[in-house]
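Colleague: Please take a close look at the shell around the ligand and at what packs beside it. Into which classes do the residues of that shell divide?

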Amino acid sequence: MKTMLNARMCISTIPANNCSARYAVLGAGFAGLSVAWHLLQHSSKDSHLCIDIYDEVGIGGAASGVSGGLLHPYSPKVKVLWRGEDCWNECLRLLSVAERALEARVPDSISQDSSFFCMDEPIVCRRGILRTMMTEKNAEIMKENARTCIENCNLELLDKDAAQNLVPRLHVPLNAAVYMPQALSIRPTHYLQALFAACKNQADELCVSFSKKVEVNLYKESIDTLCELAGKYNAVIICLGAKVDMLPEFSGKLPLRTCRGVVAQLNLSAHSRDEYGCNSPSILSDAWLSFQGPRTVLMGSTWDWSSKNYSSSVCEDESSMALQELLPKASAVYPSIREWTFIRARAGLRAMPPLTNFGSLPILGCVNDAVKPKNKCMYWLFGGLGSRGLLYHAFLGKLLARAVVSDDEMVLPPELTSWKQMKVWKYNL
Ligand SMILES: Cc1cc2nc3c(=O)[nH]c(=O)nc-3n(C[C@H](O)[C@H](O)[C@H](O)COP(=O)(O)OP(=O)(O)OC[C@H]3O[C@@H](n4cnc5c(N)ncnc54)[C@H](O)[C@@H]3O)c2cc1C
């Protein structure tokens with residue numbers, strides 16, 4: 001089976017009958033691939049299984065692919081986020097699943113159009129993230145919050161000398177910074193390619209171990225309406241990021257706002273001897289610096305609220321405006337960034353969820369009320385991953401897969417489904 005082909009040309013070898021489960025996952029970003037992986041883990045060992053993943057661009061084609069790859073379980077004021085420990089641990093688990101697939105890659109097991117086999121660099125590019133404190137007021141709150149941390153992602157309060165030990169020439173405005181030694185910077189597209197390969201490997205293993213047919217297929221195809229999929233699947237899981245409300249079934253019904261972010265890649269010029277140390281952390285401040293290597297950094301991000309520009313391409317005007325905004329913020333803590341050279345900019349659209357008492361949480365749940373299916377198919381939404389999709393995708397993908405397999409929305413914590421009480425959903429159905 002090819003990795004990318006037109007679904008209308010593809011005929012699955014798995015029969016659509018009572019002893020097979022057929023799922024469509026729409027979107028191959030963090031959300032979609034996490035759900036696909038967890039469906040493979042939680043589906044019945046007795047029935048055949050087919051998971052068709054649809055993405056109009058391909059793996060990591062939208063926000064996930066351009067994200068900064070910064071991963072830690074804390075808010076900007078270093079408070080543990082909702083279910084932070086579960087999210088963090090599940091993420092580490094999924095990262096190691098992807099890392100194992102990268103190590104075990106055998107050419108030809110996925111199609112030639114994948115760049116997967118050309119990936120020489122590891123998924124995790126750096127350990128440790130340092131957050132600087134920029135105002136007195138925030139510094140007090142952060143110092144207080146930093147007293148509580150999760151077990152395997154601790155927080156250390158550093159003074160200027162200690163911070164500069166980690167990052168020479170760092171500017172530490174208030175003589176204080178918070179260091180997260182176990183936090184990670186990853187290469188998002190490497191991760192997603194490897195996670196997809198892990199899904200394919202897992203399907204092969206399930207075939208052998210349980211003598212049943214298991215398929216994971218990726219179709220590079222745009223889904224314009226959910227009617228297109230009617231009658232083919234037991235469940236459809238919608239993981240379309242900021243583009244979800246382009247589906248007519250959801251237009252104007254979801255409590256999501258869009259926000260475009262530009263990320264700039266900067267490199268250190270070949271003649272500069274001052275490489276960024278391999279033990280120096282990535283940096284969070286009013287702008288972030290996600291160091292991908294000793295001579296490559298991603299600098300982000302802008303926040304263009306309500307933008308509907310889905311394109312990952314950034315024109316010259318937009319990139320120069322982004323640089324004008326980001327460089328002063330980044331150089332306020334890491335002045336040497338001005339010696340780095342701009343290479344290119346890319347952008348993604350975040351799907352921002354509403355603020356709840358627990359913070360801004362992704363929105364999950366069964367959405368049959370909006371789709372009104374004429375058959376038994378269940379439709380599920382996994383959206384609104386906001387600006388922390390990498391942290392949330394693994395744990396919530398696991399919860400959602402459980403809900404899908406058991407046909408039971410009650411498996412999901414009420415915090416994630418409470419959005420369905422909002423007027424925008426209830427009164428537009
Ligand atoms: C600039 C920027 C930097 C970020 N940095 C970080 C970070 O450092 N750490 C972090 O945790 N989070 C970060 N985020 C947030 C994170 O990227 C998102 O929360 C996450 O990518 C959302 O994942 P998703 O799978 O829901 O959506 P997406 O990644 O947008 O995936 C949706 C997929 O659906 C496909 N699709 C859409 N419509 C259709 C259709 N009609 N038919 C078929 N396919 C379709 C798209 O091609 C896409 O591949 C960042 C976001 C941005 C924009």
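Modeller: The residues of the shell around the ligand divide into 18 nonpolar, 17 polar and five charged. Here Ala, Val, Leu, Ile, Met, Phe, Trp, Tyr, Cys and Pro count as nonpolar, Asp, Glu, Lys and Arg as charged, and the others, Gly among them, as polar. The model is a predicted one: local features need pLDDT of at least 70 and side-chain atom pairs count only at pLDDT 80 or more, while totals for chains, interfaces and linings use all residues. Residues are numbered from 1 along each chain as its sequence is written.

Of the 40 residues around the ligand (C-beta atom, placed from the backbone, within 6 Å of it), those that come nearest are G29, G241, G261, G389 and L390. Two or more residues of the shell are given by each of α1, α2 (63-66), β9 (257-267), β14 (341-352) and α9; helices (H or I, at least four residues) and strands (E, at least two) are DSSP runs, numbered from the N terminus.

Two of these elements also pack against each other. Helix α1 (residues 30-42) and helix α9 (residues 389-406) have axes 8 Å apart and an angle of about 40°. That makes α1 oblique to α9, a class for angles outside roughly parallel (under 35 degrees), roughly antiparallel (over 145) and roughly perpendicular (65 to 115). Axes are lines fitted to C-alpha atoms, for helices over the stretch in contact, and angles run from 0 to 180 degrees between N-to-C directions. The crossing of α1 past α9 is right-handed, the near helix being turned clockwise from the far one by less than a right angle, whereas anticlockwise is left-handed.

In this contact (C-beta atoms, placed from the backbone, within 7 Å), F30, A31, S34, V35, H38, L39 and H42 of α1 meet residues of α9 that include G389, L390, H393, A394 and G397. By class, the contact of α1 with α9 has ten nonpolar, six polar and two charged residues. G389 and L390 are thus named twice, as residues that come nearest to the ligand and as partners of α1.

Helix α1 has another partner. The axes of α1 and α6 lie 10 Å apart at an angle of about 20°, and the two helices are therefore roughly parallel to each other. Their crossing is left-handed. L33, A36, W37 and L40 of α1 make this contact with L192, L195, F196, A198, C199, Q202, A203 and L206 of α6. The contact of α1 with α6 has eleven nonpolar residues, one polar and no charged ones.

Helix α6 (residues 188-210) in turn meets helix α3 (residues 84-103): their axes come within 8 Å and cross at roughly 80°. The two are therefore roughly perpendicular to each other. L94, L95, V97, A98, E99, R100, A101 and L102 in α3 meet Y191, A194, L195, A197, A198 and N201 in α6. Eleven nonpolar, one polar and two charged residues make up the contact of α3 with α6. L195 and A198 of α6 appear in the contact with α3 and in the contact with α1.

Finally, an unreviewed UniProt entry lists residues 21-40 as "transmembrane region"; such annotations may be inferred rather than shown by experiment. Over residues 21-40 the chain is 55% helix and 30% strand, with the end C-alpha atoms 11 Å apart.

Key:
Contact = placed C-beta atoms within 7 Å.
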